[in-house]
Structures are given as C-alpha cells and as structure tokens.
Amino acid sequence: MPSAAAASKKAFSFRNWGTGLLAGTFLTTSMSFLAPDFAPAATNDNNVQQQMQQPAKSKAHKEEKRIVTLENGLTFLIVRDPEAEKAMVSLGVGVGQLHEWRPGLAHDFEHMLFLGTEKYPQPAILFSFLNQFGGNTNAFTATDKTVYMYDVREDGLEKSLDIFSDYFKTPLLNTDYAEKEIEAVNNEDSQYRGVDVWRIKRAQDMISEPGHTKAEFHVGNGKTLAGISQEELLKFWKTFYSAKIMKGTIISTKSLDEMEKLIRSHFSAIPSFDVTLPAVDPQFRKPLKDAYRLLQVKTIKDMRQMTMEFPTINLPLHRDSRPEDLIGTVLGNEGPGSLLSRLKEDGLALAVSAGGGSEHPAINSMAVNIALTEKGMQEYERVAETVFAHIDMLRQEGIRDYIFDETKTMAQINFDWKPHQKGIRHATNLVSEMMDYGVDHFETRPHLFEKLDASAVKAVLNTMTPENMMITLAAKNVETSQVEKYYGVEYSIEQIGGASFERLKNARYASDSGIAYPAKNPFMPEKLELAEEKPHLVMDNEMGQIWAQFDNSFREPKFLLTLLLETPSAYSTPENVAKAVLYQVLIEESGRENTYQLAQAGLEHGFAPTKEGFILKLGGYTDRRDDLVAHVAKTLSQITSGEDEFENIKDFYVRSLSSEKASPASARGGYYFKKILNANGFHEEDILAAMSKLTLQDIRDYSQKAFERVRITGIADGNWNDADILKSVNALTGSMNSRPLPENERFKKDVATLERGETISFSQKIQNENNAILYTIQPGKADPKSLAAVTLLNSIVSMDVFTQLRTEQQLGYLVQSFAQKTADKTLFGFVIQSNRYSPFLLQERIEGWMKERGVQMIEALSDEEFENFRQNEIQKLLTPPDSLWKKHAKSYMLATEEKGDFDATEKYINAYRQITKEDVIALAKEVFTGNMPKLIVPIRGSKNNDPVPGGVITCDNKETNGNAERAAWVRSRTCPETSPSP
C-alpha cells in the first residue's frame, strides 16, 4: 500500500510533459525488448441536493449519478453504471502525511486500519473475502489525504460494505500486529531508498524552512515508528477520522436507490466530529536576496537532470483558469524557436517539460525539468539563462488568445469524447477529485478551462525569478558535501550570487535571439463524426494481414492502428539491437517539432523496436488522420539529426543501459531468469559495446536497409473504413520497398524446456542493496486447459501466499505468486524482494509454504468456494475492455500472439468450465510437492555477504554439486565472459 508513491503522481503532477526523453515511457518503450493537484477539503456540503445533474457530461458517459450527504456529514457519490463488470468502492479521508506528529504515522495508520474491527477481528478478513469474490483492495497515503479502495463482484458487494465500513467505525488498531505492519512500512520504504526519483525528492524536501512540515520524513520506517502504541493510533483516529472530512464513491449496476440504501445502512454510524487540521505555512522556501539556491544530488543511475523549481501562488484558487497549465504549454512547447529547440541547437539538452501543481493547498510550485547533455551539465547556468529568457518572453507577450483557445478547445474535445471510465482507479479518482474540487466542480474543473485570467498568469510569472528559485542538478558525478539521514542521499546545497545571479536576473527576450512564441497549431480537429462499419479482414497477401475491428462500443470519433513490422534487422545481432534503438530515437527526434503540435491536437504515434521487428502505433481524432499518417511516413525514412545531437542521444542511451545494473533486485532477477530460459537473447554488455561504437552514418545506412524484408501484421480500430485503412497502411509502408519475409526467417521465441525433476539455481550479486528471489516452476505446455489450470491455481493460493509470507512473516514489501504463459510454456512462481533477509532464506520460506500449505488449502476448499474462484477467472475473460485503446490492444494480441484467432477468448473460457477441483488438487500436488522442473534465481544485494550454498551456479564459481554440463549451459547464457561471440 503505497504512501506517497501513488500520491506523488497526483500531488505534484506536471502537465505538458514533452513526448521525448522525460516523458517516462520513452526509454522503457525503446528498451522493452531487453529484458491530481490538491485543493482544500470542500467546505460545507450539507446544502447539496440529494439529486444532482451532471454539470457537464461527456458524450461517452452512460452512468446515472447522485450525490448523497449522510447525517454524519459523509458525502457519497453514487454511480449506476449498467456496464460495470464489478462493483467499486472508494473512501477518502482528508488527512495525510503533512498533518502527522510522528514521521510515518499517517502511512502506518493506513496499514493498521485493515487489521480487524470489533465485529470482524480477523486481521485479513477483507482480503480473504475479496479474494473469493474476484476483488482487490489497496490504499495510499498522500500529503493531505488518505484513500482506501476496493472492487468486488456484485454478489459480494453488500457483505464487503459491511466489512469495509466497519474499519472506519470500530477499528481495533491492535498493536499485536504493530511490529509486523511497521516492518511492512519499513520494507516499502526500502523500495524507495534505491530509486533516484525518491532520493531526489527527499533531498529537495529537506531544503525547506526550518521546522516546516514539508522537510519532515513522511514515509516512515522502523526507527521513526518504533514503540508506537495502540493509544497513539487511537488518538490519530479520534483526532482526524471524522465523517465530516470524508468523501466516498460507489459504482455498481444496482439502482441509485438500492445503492443509497446500502450506503446509509453501512456508513451512517461512522463517527462525526469537528476536525481542525494542523496549519501548513505556504512559505515552505522563502526567496533569497541577490542569490539563488543550487542543490546537487548524487544519483544511483547515470543520469543528468536539471530542475528549476519556484514556490508560487495558491493555485487551487485559480482552478477555473489553470494558469500553471497555460504557462507550461508555452514553456514545454517543442516547435520551432521553442525552449527545447533552442537548447538542442546549442547541444545543451535532450528534453524539456514544464508545469505546476500542488502538494497541499498551501504548497504550490512551478517547475521546468530538463534532461541535460554532458555539455549542458557543465553549462547549466547557460541553460537557466535560456529558460529565463523564455520566461521574460511570456512576461512581455502573456498568453496569446489563440494559445488559450487551442488549449481550451482540445480540453473540451477530450472531455466530450473521454472514454467510458471503468475500474477501481476510476472510483479512486472520483473520490480524490471530490476532495480536491468540491462536489460542484469535480467533474469539470480537473479537465476544462473556463476562462483566461491574465492577472493569475502574471502572478505566477512574478514568482518565477532567480531569487525564488532552487536549481536541482541530479547526476552520478556531482560534487557533494552532506549525507541525508534516511535515504543516505549524498547532496550539497549552496547559495549562488554575484555575476552568476546577475546573468539570470538580467536574462531578456529579444526578437532576434532565435526564441519564438509558439505558432498557431494547424492540426486542430474540426469535424468529429462517427462512421458505421463491421469488423473484417482488409488485407491478406504475401506481405501480411491487416484486420479491421471497427468500434461500435465506445463510439468515439477516433482511429487506432497498430502494425507489427517483422524484420530480422531488429534483433539478429547485438549491433542490430543497438542500431534499432538509436534509429527509433533519431526518427522521433527528426520529427519532434511537428510531433508536438500533432500531440496537442490529440494525434499520437509511437514507434518501438521489439525482438520481432518494430511496432508502429497511430491514433487520435479521425478528422486529422491523414496529417498524422503523412508525418509518420516521412519521418520513418528521414533522419535529420546532426552529429552533435546524435552523440548526445547515444550518450544518454549508453548511460541508461549501463545503469540497468542498478535496477531493483526483483527486476534484475527477471533479467537473469530471461537470460537462462530464452535461447535467442543478448547480454547487456554486448549491446552496450556495440552501441558505443556506432556512428550517425551507421544509423543512416541502417534506416535504408531495416525494412528490406518485412512481414506486416496489423489491427485497425475505431471510426474509419477499409479504404481509409488500406490507404494509410500503403502510405506508411509504400516507401520501404520491402520484399516479403519468409516464415523461416522470422523471430521465434525459443524458451528452454527444463527436464523433469531438474532444479537450476543461479545467483548473482547486484549493485542495489535489496535481496530478491524469483522462484519458478515449469508445469509444461501452454494449451488452453493447462494455462487455465495454472492460472486458477494461482488465483486460489495468491492471497494465502501474501498473508503468510508478507503479513505474518514480513519477508519483504514485494511478495507475490504468479502464473503466466511464456512462449509455449506455462510457469508458476513466486517473487519476493527484501531489504532484510537473504535470498536463500527466502527460498526456504517459499518451500516451507509449498510443503505445509500449498496442497492443503486447495483440498480444504468447499465446492462453493472453488466455484467462486473459477467464476472469477471466467468473469475476467468475459469482461469487455473499458476503453477503445484497451480494446485495440486486446485485438492486436489476438492478431499477433494468437495468429488471428479471434475466438481464443472463448476457448479459454471453455477450458475453465471443464476444470474440476480434483484437476487443481492434482496440479497443486505436482507443482508444490512433485518433480516438476524449477528455475530459481536468488539475487544478492550489494550488502549481502552470505556464502552461496553448494549447487547454486554463479558467474564466479567453476564447479557445482549438480550437473556440470547444465551449469556450463547456464553460465553461457548469463555470464558475459562465457557467452558465445555474436
């Protein structure tokens, strides 16, 4: 249950992130084949009418809604969604991390609340009940709120409400479990300790005014929570957990009257009392005089990131005009003359994003984030000076009418055609938005612009000055002088005045400086109409197959197209892997200025290498489809980057790939697991060595040959017809001059079949300090019935695995079992990540659970309980996708992974219907106590010095107590020095 993890995205959400390196998914997408702003709690809502019309309704919305305020002051939004597959419930309390008197108290209380009530004293009763009725539950603690949520099958809703509501009426807060939950918080904290984004944020928070709550350590750990008593927990509950500062949401297929009756029955008894929240000083970091702050933070991964942050005005007071978003739109622009364009021309940066947000109604910031080149890192003051010149441009020009009109228009279009929201996240977002925006505005103000407030824009810009700024330079090689107490972050903080400050203070916009105000966007959609068509195969020839899955469900004026371009040029050698990555980045960069305007107009595309070849995705409003297709077709074969830009991009990816070894322990376990099982894979070191040698000319040559032989498999969705689809596909692929790719030359996943009775254990020491274990069992082939049986087995045991190994034994924060299909094999396994226990002890505990509980708990199931689990899995397959994109993704999977078998889902449903309890018991015996082959990957953290047991293969040992030939085979796949030459 994350503390600020889930909340941080909401608590400080920068809008207008660029589509480039800082966009988060950029690197992940490229390398994937290698391995809400807060406002004060709404004031008096007691005058809200029982019935409420939607103030503005999306054209995709199909729900009925009602606001109900109970006698105790708790306000509930009741939503009848006739298409909801499960009922969803969320409850938020207007108290969070910034209100606690002990570091981590709010987070620890969130954990403790789930551990029993007077009526339901069992600590895991909600988890167990939801597990039987196809449900899940979670919670997060944010800076000024705590939100709890769950979903459940409709037939389990009433009972679940009785259990869930009781947590807020009569929680036991029994300290018999306090130590275990403190350990859970401590384990959660350990996950963040090795993640740079958390380390940087921790260092930034420290540089606040002395005694300010923002500077405190709010996640909590074993030391800050030591000795916590039931009395202290009860005091927190009695002080803050009042119905008067709670908001709730329930979404169900039941009628509004039925749901209101349930809510009144179960939630009216929650205590109600007046709450006075601790005041939070808005001046969390006061301006300096004739100087700015420079914070340098040493990172774990090799990165170069610069943030210019400015405390600003109370943004929640201006949610009808959203000045921070408008400023971010201009500063984050990527068109000609933009901040990014200017910095790239000078070789200083790779990506820019800008925007603002609130961690709390009193804590508001604007920020500009920049991914620096090596030159930019050395000349960061020049980068800052360029930023201030653009800020000066905004002061002179303001927000031009067409910028506001375009932003407002796209916000309205996206709201009008917003997909029909479903799922537990939807319920949670509604609760957060009610708490942030109040019941009168929560549906519109998070999404729409109501007016242009020039005075608010000016007020924000007036806070964006050097003396009010803190620059954060985050990199692996910065000079530091201090060490932070909790995460061990190495940092330094200083005040920079003199000539450096004066240059920033006097930075000015000049019309002849190459800086330009964003131009009007020519791609704004205008004609949004719906077409009527049925799905069919529109292309089937030697070059491939294109399927059309026209949308009659979501009815949005959008088109989606995904093409798999299979080519041996993407993954045949480490050099081709490196070339494919850099080629993808360079064509993205070559079209960036147009790409940004297209994205503003709701048109998006993605292009990413995979082992099979490349995946090309396009989507957006149909009215401007041809513009997007023409742009993408041009950029696929046109690399315009120069030598300096290429070297900066290559340097970024070389450093990023080098930093993979510092990834979390569980991720490294996954890497070595794949290396052992997959025959056709390459080592990070080999790809890195190949990438380091590449030149710009190499990539240009590659771009002319990458698609010489191609197999195209595609799926089209949405609002267009077959003629338009073929026209677009031909425009995209016509310039490739490709020949058909024979089946025997296409990439095939080759997963090793382990021998029955065989156990392979490979261990590696890593840079991250946490330990982990990936313990997998290979039951056999992945035919529908076998895969369904393994999945059902995991569904039944997963909660007990979590309860026993995490809640009871507190082995780590990440504890789970899983079942999956890998190529043509099924897998069942466990993954645990721990900052405390050796991976070899984790293995003992897993094997102890399998021996003592694995089979017995299946045998102990009643027929009714077993049928519940089976129906849960069938319901998952019967549940339709909740957005056009998800529907499209499912169709793409069926077109590619299932080779165009669009009846595959029904085959799996039939497989579940054939499985008996006896089948699953027999499988459990084989998996947990039989001779099925096992692959175990114990990962040793950097601080782990435990001896490696005999029989465990490492890259260091040369002998093994097991099969020497098998050990050599494992080392050849995992240890670079023993791998065969490419």
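**Sheets and overall build of a predicted model**

Q: In what order do the strands of the open seven-strand sheet lie?
A: This is a predicted model. The sheet is open and its pairing is mixed. Its seven strands run in the order S9-S10-S8-S11-S7-S13-S12.

Q: Which strands form the edges of that sheet?
A: An edge strand here pairs on one side only. Two strands fit that description, one covering 349–360 and the other 482–483. They are S9 and S12.

Q: How many bridges join S9 and S10?
A: S10 covers residues 363–372. It pairs with S9 in the antiparallel sense. One of the matched pairs is Ala 351 with Ala 371 in S10. The bridges between S9 and S10 number 10.

Q: Is strand S25 enclosed or open, and why?
A: S25 spans residues 825–834. Buried means under 20% relative accessible area. By that cut-off 10 of the 10 residues are buried, so the rest of the structure leaves S25 largely enclosed.

Q: Which residues of S25 are buried on the side that includes Thr 826?
A: Both faces of S25 are covered. One side holds Lys 825, Leu 827, Gly 829, Val 831 and Gln 833. The other side holds Thr 826, Phe 828, Phe 830, Ile 832 and Ser 834.

Q: Which residue of S25 is the bridge partner of Tyr 775?
A: Strand S23 covers residues 771–781. S23 and S25 are antiparallel and share nine bridges. The partner of Tyr 775 in S25 is Phe 830.

Q: Which residue of S25 stands opposite Val 815?
A: Strand S24 covers residues 814–822. S24 and S25 run antiparallel, with nine bridges between them. Opposite Val 815 in S25 is Ile 832.

Q: Which residue takes a positive phi in the hairpin of S24 and S25?
A: Two residues lie between the strands of this hairpin. One residue there has a phi near 55°. That residue is Ala 823.

Q: What radius of gyration does the protein chain have, and why does it agree with a compact globule?
A: The chain has 982 residues. A compact globule with 982 residues would have a radius near 30 Å, so the chain's value agrees. The C-alpha atoms fill a box of roughly 75 × 75 × 65 Å along the principal axes. The radius of gyration is 28 Å.

Q: How far apart are the centres of the positive and negative side chains?
A: There are 113 positive side chains. There are 135 negative ones. The centres of the two sets lie apart by 1 Å.

Technical notes
Residues numbered from 1 in each chain as written. Predicted model: local features only at pLDDT ≥ 70, side-chain atom pairs only at ≥ 80, totals over all residues. Heavy atoms only, no water. Rg over C-alpha atoms; globule rule 2.2 N^0.38 Å. Lys, Arg positive; Asp, Glu negative; His and termini not counted. Charge placed at Lys NZ, Arg CZ, Asp CG, Glu CD. Buried < 20%, exposed > 50% of the residue type's maximum accessible area, 1.4 Å probe, protein only. Helix = DSSP H or I, 4+ residues; strand = E, 2+ residues; numbered from the N terminus. Pairing = 2+ DSSP bridges.
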